[in-house]
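Thanks for coming. I will go through one structure, starting with a small sheet and ending with the whole chain.

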Amino acid sequence: VIGVSEKPNPGHIIVKKVAESDEEPNRTFTFSAPWTPDGFKLGDGGAEDSGPLDADVYVVTETREEGWGLTDATCDDGSDPSEIHLDPGETVTCTFTNVDRRGQPGSIVVRQRAFPSDTDAAFGYETDFTLGDFSLKHGSSRKTGPTLQPGRYEISQVSMPEHWELDGVTCESDDYGQDEKPEAIDLEWGEQVTCTFTNKAYGRLTIARTTDPAGDPQPFEFGAFRGRHDQPPGTASADATFRLNDERAQQTSGRLVAGAYSVFETLPFGWDLTAVECRDANSRGASDAGRADVKIDPGETVVCTFANRARPGRILVKLESDPSDWPEACAFDASWAGAVSVEPDLVEPDFYLLDGETHDSGPLEAGSYSVFEMTLPQGWEPASSACDDGSDPSAIDLGWGEEVTCTFGMRGLPGRIVIDH
């Protein structure tokens with residue numbers, strides 16, 4: 001029918017129950033779901049079909065039964081029963097698996113993680129159950145074994161080396177959806193709770209830059225990367241990027257997890273990195289690679305300095321005449337050879353050029369320069385004059401490491417013959 005859209009096909013959710021018990025095989029479990037206000041019950045091998053449902057997000061939960069562990073709850077579309085994404089026409093099957101653990105003791109596992117991981121640091125614990133007091137290093141753990149009766153238990157981390165901090169704790173149950181807190185672990189029959197303590201040690205890193213000549217305003221870009229890298233992985237993957245210039249000659253990081261870092265400098269055109277020095281026995285600079293390889297120990301601040309030297313620029317002045325090969329020279333006045341006179345006739349020229357010759361200024365600092373034609377041979381007039389960086393010869397903006405060529409032209413004037421009669 002024109003103008004009437006078809007309603008999408010409904011979907012279905014099927015809930016299945018698996019209950020493992022030798023003593024009570026007919027035990028039923030209560031479920032709640034949005035398609036049935038009163039919920040429903042299922043025993044081992046049972047299934048519940050939601051009936052037709054609109055595409056949406058649905059939640060299915062099972063009421064906990066004392067002594068029965070909910071060891072698994074999964075849906076065949078990969079979603080969690082607490083967030084089932086049902087598409088039009090889709091059928092999703094979710095299976096809840098319970099195991100009868102009544103009368104079976106539980107257990108608690110304590111695990112230690114530390115960053116940096118290549119540490120010998122030990123962390124002290126106290127418990128109010130059979131593990132008592134103990135210490136752990138990175139990657140180690142302690143476990144009670146299945147000996148604990150249902151009840152509330154507590155774990156505390158009570159000591160750590162200087163400059164270390166407790167970054168986080170998670171206590172995960174092998175029962176689906178059950179998370180605990182280390183200060184109040186509610187252990188059920190047959191349940192295993194694993195508490196993982198994560199500690200981190202922190203330090204700081206200061207990067208400084210110097211220039212030769214001192215005080216040059218040129219900014220320099222830096223990228224810092226966690227881990228050791230021979231080449232910069234790319235700005236997008238940098239843990240931090242920053243810029244240093246004459247007003248901000250150094251940058252100090254916030255707190256960094258102790259460990260290895262690489263810092264790279266991106267050199268502007270016309271500059272060389274002459275040295276990278278780190279005031280730390282475990283860190284080193286690699287000026288040929290433009291980086292500092294840093295090892296930060298807990299509580300340490302490592303300072304690395306990148307020393308940069310500007311490469312001098314130069315200006316080349318060329319003369320072209322039309323017609324070519326004219327044997328007379330043209331005089332020039334250049335600011336790099338001394339002050340340029342506003343009255344060229346009153347000063348000696350700085351250099352002379354014949355057609356096709358080039359004058360080399362020699363090494364120059366970055367800055368503004370000028371060069372002028374002072375006098376032309378008799379019978380000649382100026383032609384075009386320009387520099388290959390787009391500037392006018394009277395205002396050359398020379399950068400570090402830059403080579404600018406300025407070409408002057410002169411053109412011969414036509415002569416005439418006068419016949420008297």
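**From one bridge to the whole protein**

Ser-32 has Thr-61, in β6, as its bridge partner. This is a predicted model, in which local features need pLDDT of at least 70 and side-chain atom pairs count only at pLDDT 80 or more, while totals for chains, interfaces and linings use all residues. Residues are numbered from 1 along each chain as its sequence is written, and side-chain values use heavy atoms, leaving out hydrogens and water.

Strand β2, residues 28-33, pairs with β6 in the antiparallel sense over two bridges. Strands here are DSSP runs of E, at least two residues long, numbered from the N terminus; two of them pair if DSSP finds at least two bridges between them. The open sheet has three strands in the order β3-β2-β6, with antiparallel pairing. β3 (36-43) and β6 (61-62) are at the edges with a single partner strand each, so one side of each has no neighbour in the sheet.

Now the interior. The largest nonpolar core (buried Ala, Val, Leu, Ile, Met, Phe, Trp, Tyr and Cys joined through side-chain atoms within 4.5 Å; buried means under 20% relative accessible area, with a 1.4 Å probe and protein chains only) has 24 residues. Leu-205 and Val-294 are among those with the most contacts inside it. A second, separate core has 22 residues, including Tyr-153 and Ile-185.

Finally, the whole protein. Of its 421 residues, 40% count as buried. The C-alpha atoms fill a box of roughly 145 × 75 × 30 Å along the principal axes.

Terms used. Helices (H or I, at least four residues) and strands (E, at least two) are DSSP runs, numbered from the N terminus. Buried means under 20% relative accessible area, exposed over 50%, partly exposed in between (1.4 Å probe, protein chains only).
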